Amino acid sequence: MFAFANSFEQAAIARFLLGFIGAGFVIGIRMVSEWFPAKELGTAEGIYGGWGNFGSAAAAILLPSLALIFGGEDGWRYAVAATGVLSLLFSIIYYKNSSDTPKGSTYFKPQNVGAMEVTSKADLALLLIMKLPMYATLALLAWKLSPAGVKMLSQELVYSCYLALIALYALDFWKTYQVNKNLFVKPVADIEKYKFKQVAVLNVLYFATFGSELAVVSMLPLFFSEVFKLDMVYAGLLASAYAFMNLASRPGGGWISDRFGRKKTLLILTAGLALGYFGMGQIDGTWPLFLAVAMAMACSFFVQAGEGAVFAAVPLIKRRLTGQIAGMTGAYGNVGAVFYLTVLSLVSYQSFFYVIGATAILGFVTLLLLEEPKGSIAEVGPDGEVTLISVS
């Protein structure tokens, strides 16, 4: 659909639909957690996520080349369409060769699928608060499509979007209450409890890590082009080095987490992320080009290793909720991207990098609330049997 769009509106709608592919990432996080023990989970999740991000960088280089091979005005269309064909073929391979769990393992499902379960009234309030930024981001996107932005939607339609989002949040609020209303009747058994603040902290960290990566990948070619007066193609190739680091750095962050602990790794990587972006804020036309690229790559290591470390911790909070937790944490990455790119539209490149660095400091502070996963988590099967799953 995207490849053969003939207007901005068609391309925008197709791109919106392509965004649903992000749901596949969340499913993979849950599946990987079923197949690997806790002591190897960071590395496994890091390889999984790293290859995904690396794929976007590889496509940024390969697709233009493929478009030139096809040639003509429609070469880019055939190149993009080829990715659709490959995806369709791989869906068949994946379906025929994968299973939810290793043979003999139990797949623990959420007791309620309408909303995320929490285990205290305070956690319920925090969950409802943490949902607000996601709805606010959708409202911001609607505003960007309004006559005040790219003029794709009429003002009346934008107002309708706002009302729909308010109604959707109200429904979400109600469903969340319905799933967790037992909290107002009797306390949750200790064996079933988990702390939602763990999820909230990881959300903030993914906002700063993956959110900043998405934003920087989008703007870095133009940044190099304008600051160093480069041709856009050359600037794009240099900027792709930022995303190419994913192949090693995201698995590296997961591996370090496995060896030295989740919290300690995240503290170090978040501090490095903040320093990296403050360093990028210093880049100007007087810098040697190789040094600017080296700074971007060094910063990207901490960003992407941080992403790997975040998802090294996500599956260790509550196994049956891993999909929902990963979905919320992953969504915060996109919330961060929209926030940072909105900031970029209002301030200079230098201020943009400084804002990311400041949010990384905020993430560092919230990390102090994170508890290192230890011992085991308990899951209760449909028959009442308790299974202990090691998280250390």
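The paragraphs below go through a predicted model, from the whole chain down to one helix.

The chain contains 13 helices and two strands. Its radius of gyration is 22 Å, close to the 21 Å that the globule rule gives for 392 residues, so the chain is as compact as a globular protein of that length. Along the principal axes, the C-alpha atoms fill a box of roughly 65 × 50 × 45 Å.

Contacts and burial come next. Of the contacts in the chain with a separation of 6 or more, 76% are between residues 24 or more positions apart. Buried residues account for 44% of the 392 residues, where buried means under 20% relative accessible area.

Turning to the surface, the accessible area of the chain is about 19800 Å², and carbon and sulfur atoms contribute 70% of that area. As for charge, there are 27 positive and 24 negative side chains, with the centres of the two sets 7 Å apart.

Helix α8 serves as a local example. This helix covers residues 232-244, which is 13 residues. From its first C-alpha to its last, α8 reaches 18 Å, close to the 18 Å expected at 1.5 Å a residue. Its buried residues are A235, L238, A239, S240, A241, Y242 and A243; L238 to A243 thus form a run within that list.

What do the buried residues of α8 pack against? Their partners are the helices α3 (38-70), α7 (196-228), α9 (246-260), α10 (262-280) and α11 (289-313).

Technical notes. Residues numbered from 1 in each chain as written. Predicted model: local features only at pLDDT ≥ 70, side-chain atom pairs only at ≥ 80, totals over all residues. Heavy atoms only, no water. Helix = DSSP H or I, 4+ residues; strand = E, 2+ residues; numbered from the N terminus. Rg over C-alpha atoms; globule rule 2.2 N^0.38 Å. Buried < 20%, exposed > 50% of the residue type's maximum accessible area, 1.4 Å probe, protein only. Contact = heavy atoms within 4.5 Å. Areas by Shrake-Rupley, 256 points an atom, 1.4 Å probe, with all protein chains shown as cover. Lys, Arg positive; Asp, Glu negative; His and termini not counted. Charge placed at Lys NZ, Arg CZ, Asp CG, Glu CD. Expected span 1.5 Å × (residues − 1).
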